[in-house]
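Subject: Structure handover

Hello,

Here is the structure I said I would pass on. Please look through it alongside the notes below.

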Amino acid sequence: MTMRRGVGLAAFDNHQRTAQQYSDLGSTILQTHISELTDQLLTFQAALKKFAQSHADEIRSDPVFRSEFVKMCSAIGVDPLASSSANKKGSFWAELLGSDVNDFFFELAVRIIEICRRARDVNGGLMLVEDVKGRINSVPGRPPVSQEDIVRAVNTLAPLGHGFGIVRLANKDFIRSVPQELSRDQAVAIEATQALGYISVPILRDNLAWETARCIAVLDDLVASGLVWVDEHARPKEYWTPSWIRQ
């Protein structure tokens, strides 16, 4: 019995040593793999830096080229707008292309805020990204911007808290410039306006199977927020989205 216990303990010790050896080997392989990936990432980032410096003018002036450059950055985990405490010059673009490009999205965000606030009394704080782009690009002497530029600029406002954000309704991007979030019912109702430009209690009730009280409550909230305008003379009442009225 004693010999058998000795053999069992020795086998257990051998098993522990083998398990530790496999664990050490796994750690070594993992560290090697991490090191290789880090070297590859640094190589990609160096190539990206060289590319950015060679095509700085195109990135500044061409929205399509700028969009493709941002996609390349994202593919290797580089956020062009992110700043680092180790980088005293500010963001990635500030280091590569100069402060004018670094400020591009922040200046664009300021212009977006101004446009949305001026139009808030008309649209209740919900404005099509395409409409904002049209207003910005209508100003002569400024480089054109794309819809992606505007979305990215709005996203830079996230640290400021609730107020500005992108809302997707009926496959269209809107800029929300009011603090309150749209409820699910409100979002569905706004989407419904994209077909005819207006909605009504019967439209919501018949197409969404909502109770009449629910339809009235949602429409009253949208009117109070300025997101729809009511035509009191229509029978039944029609609730129009301001963007259709202005067309």
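The notes below go through the strands, an aromatic pair, one glutamine and the cysteines.

Please keep in mind that this is a predicted model.

Strands β1, β2 and β3

Strand β3 covers residues 172-176, and 4 of its 5 residues are buried, so the strand is largely enclosed by the rest of the structure. Strand β1 (residues 126-128) runs antiparallel to β3 and is joined to it by 3 bridges. Within that pairing, L126 stands opposite R176. Strand β2 (residues 165-169) also pairs with β3 in the antiparallel sense, over 5 bridges. Here R168 has D173 as its bridge partner. β2 and β3 form a hairpin with 2 residues between them. A170, in the turn, has a positive phi of about 50°, which you may want to look at in the model.

Strands β4, β5 and β6

There is an open sheet of 3 strands in the order β4-β6-β5, with antiparallel pairing. Its edge strands are β4 and β5 (229-231), each of which pairs on one side only. Between β5 and β6 there are 3 bridges. W229 stands opposite W240, a residue of β6.

The aromatic pair

The count of aromatic pairs comes to 1. It consists of Y198 and W240: the ring centres are 4.8 Å apart and the planes are at 35°, so the pair is tilted. That label applies because the angle is neither under 30 degrees, which would be stacked, nor over 60, which would be edge-to-face. Y198 lies in strand β4 (residues 198-199) and W240 in strand β6 (residues 238-240), so the pair ties together parts that are 42 residues apart in sequence. W240 is partly exposed, at a relative accessible area of 24%.

Q186

Q186 is part of helix α9, which spans residues 184-196. Its relative accessibility is 11%, so Q186 counts as buried, the cut-off being under 20%. The side chain of Q186 reaches the backbone nitrogen of S183 at 2.9 Å. Leaving out residues up to four places away in sequence, Q186 touches E181, V218, D221 and L222.

Cysteines

How many disulfides does a search of the whole structure find? The search finds 0. Two cysteines can be described by their accessibility: C116 counts as buried at 1%, and C215 is buried with a relative accessible area of 0%.

Regards

How values were computed. Residues numbered from 1 in each chain as written. Predicted model: local features only at pLDDT ≥ 70, side-chain atom pairs only at ≥ 80, totals over all residues. Heavy atoms only, no water. Disulfide = S-S within 2.5 Å. Buried < 20%, exposed > 50% of the residue type's maximum accessible area, 1.4 Å probe, protein only. Helix = DSSP H or I, 4+ residues; strand = E, 2+ residues; numbered from the N terminus. Polar contact = N/O pair within 3.5 Å; in protein donor to acceptor, adjacent residues only side chain to side chain. Contact = heavy atoms within 4.5 Å. Phe/Tyr/Trp six-rings, centres within 6.5 Å; stacked < 30°, edge-to-face > 60°. Pairing = 2+ DSSP bridges.
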